[in-house]
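Subject: Structure handover and findings

Dear colleague,

Please find below the structure for your consideration. I should be grateful if you would read the notes that follow alongside the coordinates.

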Amino acid sequence: MQKSTPLFTPVLIAGCVIMLISFAIRASFGVFQIPIAEEFGWLRTEFSLAIAIQNLAWGIGQPIFGAIAERIGDRKAIIIGALTYAAGLVLSSFAVSPEAHQFYEILVGFGIAGTGFGVILAVVGRASSDENRSMSLAIATAAGSAGQVFGPPVAEALLGVMSWQMVFVAFAATVLASLIFLPLMRAPEPASKAELEESMGQILGKAFRDPSYTLIFLGFFSCGYQLGFITAHFPAFVTEMCGPIAAGGVLHNIGITTTSALGAIAIAVIGLANVAGTLTAGWLGNRYSKKYLLAGIYAGRTIIAAAFIMVPMTPATVLLFSASMGALWLATVPLTSGLIAHLYGLRYMGTLYGIVFFSHQLGSFMGVWLGGRMYDLTGGYTMVWWIGVGVGAFSALVHLPVRETRLIPKTT
């Protein structure tokens, strides 16, 4: 009988740190919407498209980096990802045209893929025992959420003392500094004999022929749409549309005196609430059906988004929305990745999850780009919000028929 591994391992700790830094920077891009657009006189669509391309490149790069990690090693894949990430940030700091920003965001997106969910979660999953896997994946995902807590406020603070170009350079140096934790990223290969005897092509063939894999792929689209749109546009949305912050109120007394500051804090509140939400999802995933938990999360997001857009925006509704949506923000990730590991095994989990994550990033691309496009056409974001409500309801329904019977035998 295989000895159980502890929950907190060096692999999990190192993975959490790398994910925290990667996602702190990624989550801060919405803060740069207005400063960059105002400096160059661009339409909102221009920088929105750059962020949308970043998200699409992240999605394309995810299965690629998953396959690289499975072929040449996890740590080499992470090094390549970090170098690509830093290069994209530094080059973006010199960009003076929309086309340059959009091109360099391809590098940033691939860099996030190499330092994000696909590679890190696969390593964490292999280093975890069966009984700890769902919770380990949740903790690693929550680390990304913790990055979201710090990223936007840090970016907002840095913009107060330096140019956005220098902030990008500082972020690039931070990404490279995260590699000091890489020696801890050593994981065993707890794959069953049946998994080891099957090639990547055979496992992919089984997954592609399985209707459940298709349903999971389709369902992840709305997660990306909602997260991409909110991360990229919510700070600007709050800045321009929220009611004023009352002088002498709680927010004003703690230093949040402008709607711009509130927009950055809102993203941080989402990330803070998501730490608790993601850990709760991981705990529940060990005890209850993952597909029903996923359906419930998407249904909850749909209700929250619909309620928010139907009431006047005030500082109170912004914070209430941020906390409630944040509790469901990345709660889908440990459940989705854990479901894939359960159905198809651990050997090629990185590639299989990466392919599903591509759907997430297609949704993210649409949410970010459409947000900027509809803003320029209509002067607001209302239609984009309602589309998000619709795709959220679709995802809630599409997870219900997913089969949770394991395809790959667990016995050795």
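The notes below concern a pocket and two helices. Please bear in mind that this is a predicted model.

The second largest pocket holds about 150 Å³ of space. Its lining consists of L20, I21, A24, I25, F150, G151, V154, L158, A170, F171 and T174. Three helices each supply at least two residues of this lining: α1 (10–27), α7 (133–159) and α8 (164–177). Sorted by class, nine of the lining residues are nonpolar and two are polar, with no charged residues present.

Helix α7 also merits a description of its own. Its 27 residues should span 39 Å at 1.5 Å a residue, and the C-alpha atoms at its ends are 39 Å apart, so the two values agree. Of those 27 residues, 20 are buried, and α7 is therefore largely enclosed by the rest of the structure.

The other helix is α2, which comprises residues 33–40. Which of its residues are buried? They are Q33, I36 and A37. These lie on the same side of α2, because they cover an arc of only 95° around the axis. The elements covering the buried residues of α2 include α3 (44–72), α5 (98–115), α8 and α11 (211–241). Helix α8 thus appears twice in these notes, as it also contributes to the lining of the second largest pocket. After α2 comes G41, with a positive phi near 70°.

Yours sincerely

Note on methods
Residues are numbered from 1 along each chain as its sequence is written. This is a predicted model: local features need pLDDT of at least 70, side-chain atom pairs count only at pLDDT 80 or more; totals for chains, interfaces and linings use all residues. Side-chain values use heavy atoms; hydrogens and water are left out. On a 1 Å grid over the protein atoms alone, a cavity is a set of points where a 1.4 Å probe fits but cannot get out, and a pocket is an open set with protein on both sides within 12 Å along at least five of seven lines; lining residues have an atom within 4 Å of a point. Grid points are joined across faces, edges and corners, and a volume is the space filled by probe spheres set on the points. Helices (H or I, at least four residues) and strands (E, at least two) are DSSP runs, numbered from the N terminus. Ala, Val, Leu, Ile, Met, Phe, Trp, Tyr, Cys and Pro count as nonpolar, Asp, Glu, Lys and Arg as charged, and the others, Gly among them, as polar. The expected span of a helix is 1.5 Å times one less than its number of residues. Buried means under 20% relative accessible area, exposed over 50%, partly exposed in between (1.4 Å probe, protein chains only). The arc is that of the directions from the helix axis to the C-beta atoms. Contact means heavy atoms within 4.5 Å.
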